[in-house]
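Q: Please take a close look at one part of this structure: its enclosed space. Then work outward to the surroundings.

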Amino acid sequence: MPSSKGYAALSAQSPLAPFAFTRRDPGPTEIAVEILYCGVCHSDLHMIRNEWGNAIYPMVPGHEIVGQVVAMGNSSKKFKLGEIAAIGVIVDSCRHCVPCNKGEEHFCDEGATLTYAVPDRVDGSITMGGYSTNYVVDEHFAHSIPAHLDLAAVAPLLCAGITTYSPLRHWKAGPGKKVGIVGLGGLGHMALKFAHSFGAHVVQFTTNLRKREDALKLGADEVVLSTDRDVMKAHTKSFDLILDTVSAPHALDDYLTLLKQDATLTLVGLPDTPPSFGVFNLITRRTSIAGSMIGGMIETQEMLDYCGQHNIVSDVEVIPIQKVNEAYERLLKQDVKYRFVIDMSSLD
Ligand code: NAP
Ligand code: ZN
Ligand code: ZN
């Protein structure tokens, strides 16, 4: 049994603190990775504070994992010892339902197994995430990384990257399309990079105009202060797609009014309270509100390969794990450009 050190929350009120536990030896098709880097997603903060009401403690968060393969089962073929592997938000699924057979394991009919804080399909233990020294996972749920990319900056691609890449592809962000991104944080800055790279005309909506110069550098064609009524009004009925990455409750009608006929507002941000909106903003132009969650294994690898070809990574601030509680406070104040990533060598 590999022993693992990590940082865990013991309750919704307690800060993360050092925590020791064990992981199983890798099964026949599993690999064990020594974790090098793990990104800090806002979902980790929602989860440790039980904002979605489904927390299980002790909780070791972390689902943007990059590590080195250090052991494998005897039927495992995908990686060689010493290679780099990446693990994201899901680590298992039923593997026989319709979505799983299509490579859309995140939509598994029986429920995908998340990287942390859910019962493990193999041994029934509660999964422990990537703020830790190692991880054991079936090779099907681990990804290869293009060799030339910076590993710390790759880690956030495993959640922030795929969560924005997938809906931008699904709703066909590209040349001739006007695409809005709401919120310039971890997800938002990846959405900007992808939408720009796909060739769309990209408008960044933000509550903080101090992010304007960054947004332009990251790929925005225009930056809009979402509290400025006049500027918002100038964009009425003009968007093909708006991707909303905001982590806190906010008014959806402000964005529904900006959609063209038949256009879509896609929600990926997960505030802890349900949104409300005016149905008239839907019926009068047949607009849609939709949602999207991370991506399946095939699309996640496609996204990583795309990032390799186009030199896309996350803008990161690397921190030692001892600073993770401080990082959460800074994340809430939007004091990070634009993703914290934990250097796991700080755990030794
Ligand atoms: P983040 O880095 O904290 O970014 C959130 C952004 O939302 C902020 O930078 C800010 O942008 C905006 N914002 C924050 N509070 C706001 C408020 N009160 N009103 C309006 N805007 C506000 O968080 P993240 O890691 O990108 O995650 C964003 C959300 O996506 C979280 O809820 C997370 O749980 C969720 N998520 C969903 C999935 C999925 O599969 N669907 C995957 C990962 C994460 P501005 O300063 O520019 O306004
Ligand atoms: Zn995440
Ligand atoms: Zn399934």
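A: The answer starts with the enclosed space, then turns to the metal sites, a pocket and some single residues.

This is a predicted model, in which local features need pLDDT of at least 70 and side-chain atom pairs count only at pLDDT 80 or more, while totals for chains, interfaces and linings use all residues. Residues are numbered from 1 along each chain as its sequence is written, chains are lettered from A and ligands numbered from 1 in the order in which they are written, and side-chain values use heavy atoms, without hydrogens and water.

The enclosed space. Searching the whole structure turns up 1 cavity of 30 Å³ or more. A cavity is a set of points, on a 1 Å grid over the protein atoms alone, where a 1.4 Å probe fits but cannot get out; a pocket is an open set with protein on both sides within 12 Å along at least five of seven lines. Lining residues have an atom within 4 Å of a point. The largest cavity holds about 50 Å³ of space. Such a volume is the space filled by probe spheres set on the points, with grid points joined across faces, edges and corners.

Its lining is made of Gly-88, Val-89, Ile-90, His-143, Leu-158, Ile-162, Ile-294, Gly-295, Met-297 and Thr-300. By class, that is 6 nonpolar, 4 polar and no charged residues. Here Ala, Val, Leu, Ile, Met, Phe, Trp, Tyr, Cys and Pro count as nonpolar, Asp, Glu, Lys and Arg as charged, and the others, Gly among them, as polar.

Take Thr-300 from that lining. Thr-300 sits in helix H10 (residues 297–310). Helices (H or I, at least four residues) and strands (E, at least two) are DSSP runs, numbered from the N terminus. Thr-300 counts as buried because its relative accessibility is 3%. Buried means under 20% relative accessible area, exposed over 50%, partly exposed in between (1.4 Å probe, protein chains only). Beyond residues up to four places away in sequence, Thr-300 touches His-143, Leu-158, Ile-162 and Gly-295; contact means heavy atoms within 4.5 Å. Those four partners are cavity-lining residues too.

The metal sites. For the zinc ion (ligand 2), the protein donors are Cys-41 (SG), His-63 (NE2) and Cys-159 (SG), lying 2.0 to 2.2 Å from the metal. Donors are N, O and S atoms within 2.8 Å of the metal (3.2 Å for Na, K and Ca); water is not among the atoms, so sites may look incomplete. The sequence spacing of these donors reads C-x21-H-x95-C. Two of them bring distant parts of the chain together: Cys-41 is in the loop between strand E3 (30–39) and helix H1 (42–48), Cys-159 is in the loop between helix H3 (151–154) and helix H4 (160–170), and the two are 118 residues apart. Cys-41 is buried at 3% relative accessibility, and Cys-159 is buried at 5%.

The zinc ion (ligand 3) has Cys-94 (SG), Cys-97 (SG), Cys-100 (SG) and Cys-108 (SG) as protein donors, at 2.3 to 2.4 Å. Their spacing in sequence is C-x2-C-x2-C-x7-C. The site is tetrahedral, with angles of 103 to 120° among its 4 donor atoms. Four donors count as tetrahedral if all angles lie between 85 and 135 degrees. Cys-94 is buried, with a relative accessible area of 12%; Cys-100 is buried as well, at 8%.

The loop between H3 and H4. Ala-155 is also found there. Its relative accessibility is 0%, so Ala-155 counts as buried. From Ala-155 to Ile-65 is 5.6 Å, C-alpha to C-alpha, across 90 residues of sequence. Outside four places in sequence, Ala-155 touches Tyr-37, Gly-39, Glu-64, Val-66 and Val-341.

An open space. The second largest pocket has a volume of about 330 Å³. It is lined by 23 residues, and Arg-24, Asp-120, Asp-123, Ser-125 and Val-136 are the closest to its centre. Strands E2 (17–22), E6 (90–92) and E8 (134–138) each supply at least two lining residues. E8 gives the largest share, 4 residues. The lining divides into 9 nonpolar, 5 polar and 9 charged residues, whereas the lining of the largest cavity has no charged ones.

A buried lysine. Lys-193 belongs to helix H5 (residues 186–197). Lys-193 is buried, at 16% relative accessibility. Apart from neighbours within four places in sequence, Lys-193 contacts Leu-218, Ile-312, Val-313, Ser-314 and Asp-315.

Conventions: Four donors count as tetrahedral if all angles lie between 85 and 135 degrees; four count as square planar and six as octahedral if opposite donors are over 155 degrees apart and all others between 65 and 115; anything else is irregular.
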